[in-house]
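Q: I'd like to learn how to read a structure like this one. Can we go through it feature by feature, beginning with empty space inside?

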Amino acid sequence: MKPSASANPTVQLKIERRSNHPWIFQKMVEKPAERPKPGSVVDIYDRDGTFAGRGFYNGHSRIALRVLTQDPEEAVDAGFFERKIAQAVELRREVLKLDAVTDAYRVIHSEGDGLSGLVVDRFADTLVIEFFSAGMFRQRDLIRRCLLEHFPDSQVYAFAEEHVQKQESFDCSTPPTPRPTVIEEHGVKFHAAPGTKHKTGFFADQRDNRLTLAGFCQDKRVLDLCCNSGGFAIYAKTVGGAKEVVGVDLDEEILEVAESNARLNKVKVRFVQADIFHWLRDVAAGRAEKFDVVVLDPAKMTRDREQVIPALKKYLDMNKLALGAVRPGGIFVTCSCTGLVSEEQFLDMLRRAAFYANRTVQVLKISGAGPDHPWQAHVPESRYLKAVFCRVD
């Protein structure tokens with residue numbers, strides 16, 4: 001029966017709804033006689049006519065429905081977004097107390113905060129909003145207003161990647177790039193540059209893993225592979241007291257940011273612009289000394305489920321080479337931010353990489369993103385980052 005308070009369009013499923021996962025795919029949905037505009041709020045009924053939820057509908061997207069509430073009495077209106085955003089901010093500020101540690105953290109983590117299709121990062125006085133759904137894009141003015149109530153005087157940068165706009169059928173014009181800002185975590189400073197090609201401006205998800213790594217670095221030689229803007233490398237030197245740190249990345253532009261981050265913290269790190277495969281083969285050939293601590297944190301390998309096996313092959317090849325750069329008894333930290341690669345698959349890849357490299361890997365800790373990137377038990381897709389800390393013989 002349709003909730004009396006709702007004037008929303010209705011969408012019916014081809015199935016009996018037996019899941020509380022917020023995504024309902026196109027193949028499970030009956031085509032409405034009058035198709036609502038992409039991102040419209042609709043009431044959802046299953047095959048038997050039972051109320052199944054309320055959320056965003058998009059007939060152009062593979063994810064046709066994003067369920068925001070299963071409560072027939074809860075409207076998806078301004079009050080809904082005000083409550084959800086307030087709860088997300090309260091988690092970071094009151095429960096996790098992140099303001100005492102850093103001024104850069106994830107404020108809203110999509111499904112992890114019950115707001116499917118929305119990501120918000122804070123970088124000091126800049127808020128970066130990334131839309132992953134037409135529904136959230138349609139609510140952009142409301143979302144902006146709610147966020148500014150909690151972070152007044154912030155500059156706001158809102159965007160969506162081109163492939164998302166195409167998949168979700170909305171047009172988000174590229175806004176002017178905001179001024180770069182300096183953020184701080186655990187006493188270490190970094191430049192955050194929203195609007196660049198490197199995610200929302202800075203990888204706050206590795207904050208806790210950077211600190212853990214620093215504990216292994218005192219007086220050690222440290223290698224940071226796919227170093228990006230130098231996060232692990234600079235922690236190794238500033239917090240960890242490493243004797244020598246080398247960062248390697250293929251991207252010349254991001255290495256300029258890494259150099260500026262080293263200068264910002266008044267530390268010396270040697271950054272090398274190189275393909276890690278070629279660079280590591282020199283180490284394997286004995287033309288370079290091995291390292292006490294090696295970090296491997298490559299970019300996302302794929303967004304396509306059909307490409308998971310090729311992605312695992314790439315992980316295998318680079319991990320095999322990276323293990324060869326670790327001296328016996330040294331520490332190896334290997335990461336994957338490819339959400340489609342499960343922790344089980346990643347650990348199996350590491351087992352095989354160790355076998356082919358003729359090394360013994362002793363796993364010390366398996367970690368992920370910081371608690372400002374929560375994931376709900378029934379939505380494991382939000383748990384994308386894997387970081388495995390190992391001792392290598």
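A: Sure. A cavity is a set of grid points where a 1.4 Å probe fits but cannot get out, and a lining residue has an atom within 4 Å of such a point. Keep in mind that this is a predicted model.

Q: How many cavities of 30 Å³ or more does the count come to?

A: The count comes to one cavity of that size or more. The largest cavity holds about 40 Å³ of space.

Q: Which residues line the largest cavity?

A: Here's the list: Gly39, Phe56, Tyr57, Asn58, Ile63, Ala64, Arg66, Ser133, Ala134, Gly135 and Glu168. By type, they split into five nonpolar, four polar and two charged residues.

Q: Which strands and helix each supply at least two residues of that lining?

A: Look at strand S4 (51-57), strand S5 (63-69) and helix H2 (134-138). S5 gives the largest share, with three residues.

Q: Now for strands. How do I read which ones go together?

A: Two strands pair if at least two bridges are found between them. Try strand S6 (residues 104-109) and strand S7 (residues 118-123): they pair in the antiparallel sense, over five bridges. Go down to single residues and you'll find Ile108 with Val120 of S7 as its bridge partner, while Tyr105 stands opposite Arg122.

Q: What does S7 pair with over six bridges?

A: That's strand S8 (residues 126-131), again in the antiparallel sense. Val120 turns up here too, with Ile129 of S8 as its bridge partner. The hairpin of S7 and S8 has two residues between the strands, and in it Ala124 takes a positive phi near 55°.

Q: Are the residues of S7 mostly covered or mostly open?

A: Buried means under 20% relative accessible area. S7 is mostly covered, with six of its six residues buried. Check both faces: Leu118, Val120 and Arg122 are buried on one side, and Val119, Asp121 and Phe123 are buried on the other. S6 is mostly covered as well, and six of its six residues are buried.

Q: What about cysteines? How many disulfides does the count come to?

A: The rule asks for a pair of cysteine sulfur atoms within 2.5 Å. By that rule, the count is zero disulfides. Take Cys217, which is in no disulfide: the nearest cysteine sulfur belongs to Cys335 and is 13 Å away.

Q: Why is there no bond between Cys226 and Cys227?

A: Because the sulfur of Cys226 is 8.1 Å from the one in Cys227, its closest cysteine sulfur, and that is too far for a bond.

Q: Are Cys217 and Cys226 buried or exposed?

A: Cys217 counts as buried because its relative accessibility is 0%. Cys226 is buried too, with a relative accessible area of 16%.

Q: Let's finish with a residue on a helix. Where is Lys166 found?

A: Lys166 sits in helix H4 (residues 162-168). With a relative accessible area of 74%, Lys166 is exposed, since the cut-off for exposed is over 50%.

Q: How far apart are Lys166 and His60, in sequence and in space?

A: In sequence, Lys166 and His60 are 106 residues apart; in space, they are 9.3 Å apart, C-alpha to C-alpha.

Note on methods:
Residues are numbered from 1 along each chain as its sequence is written. This is a predicted model: local features need pLDDT of at least 70, side-chain atom pairs count only at pLDDT 80 or more; totals for chains, interfaces and linings use all residues. Side-chain values use heavy atoms; hydrogens and water are left out. Buried means under 20% relative accessible area, exposed over 50%, partly exposed in between (1.4 Å probe, protein chains only). Helices (H or I, at least four residues) and strands (E, at least two) are DSSP runs, numbered from the N terminus. On a 1 Å grid over the protein atoms alone, a cavity is a set of points where a 1.4 Å probe fits but cannot get out, and a pocket is an open set with protein on both sides within 12 Å along at least five of seven lines; lining residues have an atom within 4 Å of a point. Grid points are joined across faces, edges and corners, and a volume is the space filled by probe spheres set on the points. Ala, Val, Leu, Ile, Met, Phe, Trp, Tyr, Cys and Pro count as nonpolar, Asp, Glu, Lys and Arg as charged, and the others, Gly among them, as polar.
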